[in-house]
Amino acid sequence: MRAAEAFHFRHPRCAVELQEVTYKAAVAALRDEDVDVLLAETLVAEPGVVVGPVVFSERRALVVPADHHLAARETVSREDLALLPLITAVDVSPVWHEAH
């Protein structure tokens, strides 16, 4: 939202239309030239799409129940997460899945 608002403020004559879509739909819209720009959280180098510079970044957080054994930790490594069940994205391309 902040990026869209900043862009519209700097370029008021350009139309800014926000759309919430799945990852695969967003990449397809770029390939089909239905959209000009995509700001995505985790875009990877997909065939037919050029990934540009980072526009902004946000910290990530691990969300677990308060009594979970990782809840009191200051940091968590990939190894700590390796054996835990995780909620993952659906409707993503094989390229995205392999990258993550």
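**Asking why: a four-helix chain**

Trainee: Why is Arg73 called partly exposed?

Mentor: Arg73 has a relative accessibility of 39%. Buried means under 20% relative accessible area, exposed means over 50%, and partly exposed lies in between (1.4 Å probe, protein chains only). With 39%, Arg73 falls into the middle class, so partly exposed is the right label.

Trainee: Before we go on, what am I looking at?

Mentor: It's a predicted model, where local features need pLDDT of at least 70 and side-chain atom pairs count only at pLDDT 80 or more, while totals for chains, interfaces and linings use all residues. Residues are numbered from 1 along each chain as its sequence is written, and side-chain values use heavy atoms, with hydrogens and water left out.

Trainee: How do you know that Asp80 and Arg73 form a salt bridge?

Mentor: Check the gap between their side chains: 2.7 Å, N to O. The rule asks for a side-chain nitrogen of Lys or Arg within 4 Å of a carboxyl oxygen of Asp or Glu. The 2.7 Å gap meets that, so the pair counts. The structure holds one salt bridge. Side chains of opposite charge can pair when their charged atoms come close.

Trainee: And is Asp80 buried, exposed or partly exposed?

Mentor: Asp80 has a relative accessible area of 25%, which puts it in the partly exposed class.

Trainee: How many helices and strands does the chain have?

Mentor: Four helices and zero strands, and along the sequence the pattern reads α-α-α-α. Helices (H or I, at least four residues) and strands (E, at least two) are DSSP runs, numbered from the N terminus.

Trainee: What makes you call the chain more spread out than a compact globule?

Mentor: The radius of gyration, taken over C-alpha atoms, is set against a globule rule of 2.2 Å times the number of residues to the power 0.38. The rule gives 13 Å for 100 residues, but this chain comes out at 17 Å, well over that, so we call it more spread out than a compact globule. Along its principal axes, the C-alpha trace spans about 50 × 30 × 20 Å. Buried residues make up 14% of the 100 residues.

Trainee: What makes up the largest nonpolar core?

Mentor: Seven residues: Tyr23, Val27, Leu30, Val44, Val49, Val92 and Trp96. Helix H2, residues 23-31, gives the most to this core, with three residues. A nonpolar core is a set of buried Ala, Val, Leu, Ile, Met, Phe, Trp, Tyr and Cys residues joined through side-chain atoms within 4.5 Å.

Trainee: Where is Leu81, and what does Leu81 touch?

Mentor: Leu81 lies in helix H3. Leaving aside neighbours within four places in sequence, Leu81 is in contact (heavy atoms within 4.5 Å) with Leu62, Leu70, Val76 and Leu86. Its relative accessibility is 24%, which counts as partly exposed. As for the core residue Val27, Leu81 is 54 residues away from Val27 in sequence and 29 Å away in space, C-alpha to C-alpha.

Trainee: Why is Glu33 called exposed?

Mentor: Glu33 reaches 67% relative accessibility, so it passes the mark for exposed. Glu33 is found in the loop between H2 and H3. Its phi is near 60 degrees, a positive value in a residue other than glycine.

Trainee: Which other residues sit in that loop?

Mentor: Val63 is one of them, and Val63 counts as exposed at 75% relative accessibility. From Thr22, Val63 is 41 residues away in sequence and 22 Å away in space, C-alpha to C-alpha. Ser57 is in the loop between H2 and H3 too, and Ser57 is exposed with a relative accessible area of 64%. The C-alpha atoms of Ser57 and Arg73 are 23 Å apart, with their positions 16 residues apart along the chain.

Trainee: And is Leu38 buried, exposed or partly exposed?

Mentor: Leu38, also in the loop between H2 and H3, has 27% relative accessibility and counts as partly exposed. Its C-alpha atom is separated by 9.4 Å from that of Val51, 13 residues apart along the chain.

Trainee: Why is Met1 called exposed?

Mentor: Met1 has a relative accessible area of 64%, so exposed is the word for it. Met1 lies in the segment before helix H1 (2-10).
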